[in-house]
Amino acid sequence: MAGMDEPMVVDGGSGGSCEWEGRWNHIKKFLERSGPFTHPDFEPNTESLQFLLETCKILVIGAGGLGCELLKDLALSGFRHIDVVDMDTIDVSNLNRQFLFRPKDVGRPKAEVAADFINNRIPGCHVVPHFKKIQDLDETFYRQFHIIVCGLDSIVARRWINGMLLSLLVYEDGVVDQGSIIPLIDGGTEGFKGNARVIFPGMSACIDCTLELYPPQINFPMCTIASMPRLPEHCIEYVRILQWPKETPFGDGVALDGDDPEHIQWVYQRSLERAAEFNITGVTYRLTQGVVKRIIPAVASTNAVIAAACTTEVFKIATSAYLPLSNYMVFNDVDGLYTYTFEAERKETCSACSQVPLDLYFSPSSKLQEVMDYLTECASLQMKSPAITATVEGKNKTLYLQSVASIEQRTRPNLSKTLKELGLTDGQELAVADVTSPQTMLFRLCFTS
């Protein structure tokens, strides 16, 4: 680490952390002098560095390939108060690119190991780990941070944190209070491709405004999987979709867990057997895990580039020294090196960040199942398991809820009923809850002739 050979002195500031002469010279060059790329309103000062070192609180979501790079970059850039949230434990396959982990760490929580590594390696840095789902933390937790950075591999999780930050906004006469905005820096990688984006909730395009940019999940036709497999992925999908629920290897009702080595091993062995039947090669343990967990192979260099871009944006926003990215950068080094920046536009009819209920156009004779299909299949909504409630004859009525078995069984007959039969009227408001957001979304039912 730069400067480690210089004499060290004990700093009487935060936590008695160790400092040495010239430690932050590289940061001071950006903050204590002007330049051709600085923000038009920026005045060189010493307070910005002190804010980074002593006050600014950053939350990193995800401690995987991208998260490890983010934690390292942020800590070396002067950010000392960092929290990290991750629900996963370390697997052997992580070690080739998630460089904060060692073989002895396999099986331990990623967040805890990553925090320990950074705290031990970088003097004065204090990383607090949270080994849990982001959904397990409430708005009081998220409200304490100045900036949130995502290194996630899940679109659902991205949408959830996007919804959480939108729910924290305070509006006065329809105008968002600037003090309630927590900037979100989102990074994503897929093999040799990646992107970094800057989101100011309530002001710029949010995650849900640009759902169409996310590639659809690849699903193989069932007829191919069952009758004419040609690829190793077909064999794995056959075991995952058909054999697992039929044979219930770990007991009735036990769902396939992509993070359980015993589950993956079982799927791997059965996939090998099916591949042998059709003379298909290429089934490996790692491919099996990738298909089950819907993982696109990661590349360390892509993670490093995107994490560096995200950290740069955090630094620019935290110090106000430079104009932030506006607002979406794509990176591709499949053939050569290519980057492109564009401004994703905020969508007036976004289900997450618009301030008015969205219109749903259906005939009174349409069935509730058709509404459910629209909510899950529409490219701009992409809900996973929507729960619909409405006020009917003055009473709050659950029309359909999938996540609770007893309620799902009771409300399932509603799916085959028409909207008119359910007592819904033109202009009726429908409240829809889904795992993609902590907020309940409002829709207005508009009957068509």
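Start by selecting glutamine 382 in this predicted model: with a relative accessible area of 22%, Gln382 is partly exposed, because buried would call for a value under 20%. Its phi is near 45°, a positive value in a residue other than glycine. To place glutamine 382 along the chain, look in the loop between α12 (368–377) and β14 (387–392).

**Next, the loop between α11 and β11**

Select residues 300–319 for α11 and 328–332 for β11, then show the loop that lies between them. Serine 320 is in this loop, and its phi is near 60°, again positive in a residue that is not glycine. At 45% relative accessibility, serine 320 counts as partly exposed.

Stay in the loop and move along to asparagine 327. Display the backbone here, since there is something to see in the peptide bond: serine 326 and asparagine 327 are joined in cis, with omega at about -15°.

**Then helix α10**

Now select residues 285–293, which form α10. Which of its residues are buried? They are Thr288, Gln289, Gly290, Val291 and Val292. To see what covers them, add α8 (232–247) and α9 (261–277), which are among the covering elements. Before leaving, click on arginine 294, just after α10: its phi is positive, at about 60°.

**Zoom out to the whole chain**

Colour by secondary structure and you will have 13 helices and 17 strands in view. The radius of gyration is 25 Å, close to the 22 Å that the globule rule gives for 449 residues, so the chain is as compact as a globular protein of that length. Turn the C-alpha trace along its principal axes and it spans about 75 × 65 × 40 Å.

Switch to a surface: the chain exposes about 22,400 Å², and carbon and sulfur atoms supply 52% of that area. Beneath it, buried residues make up 46% of the 449 residues. Among contacts with a separation of 6 or more, 62% are between residues 24 or more positions apart. If you highlight charged residues, you will find 40 positive and 56 negative charges, whose mean positions are 4 Å apart.

**Last stop: confidence**

Colour by pLDDT to finish. The average for the chain is 88, and 95% of the residues score at least 70. Where does pLDDT stay under 50? Select residues 1–17 to see that stretch, for which the model has 27 contacts beyond four places in sequence.

How values were computed. Residues numbered from 1 in each chain as written. Predicted model: local features only at pLDDT ≥ 70, side-chain atom pairs only at ≥ 80, totals over all residues. Heavy atoms only, no water. Helix = DSSP H or I, 4+ residues; strand = E, 2+ residues; numbered from the N terminus. Rg over C-alpha atoms; globule rule 2.2 N^0.38 Å. Buried < 20%, exposed > 50% of the residue type's maximum accessible area, 1.4 Å probe, protein only. Contact = heavy atoms within 4.5 Å. Areas by Shrake-Rupley, 256 points an atom, 1.4 Å probe, with all protein chains shown as cover. Lys, Arg positive; Asp, Glu negative; His and termini not counted. Charge placed at Lys NZ, Arg CZ, Asp CG, Glu CD. pLDDT = per-residue confidence, 0-100.
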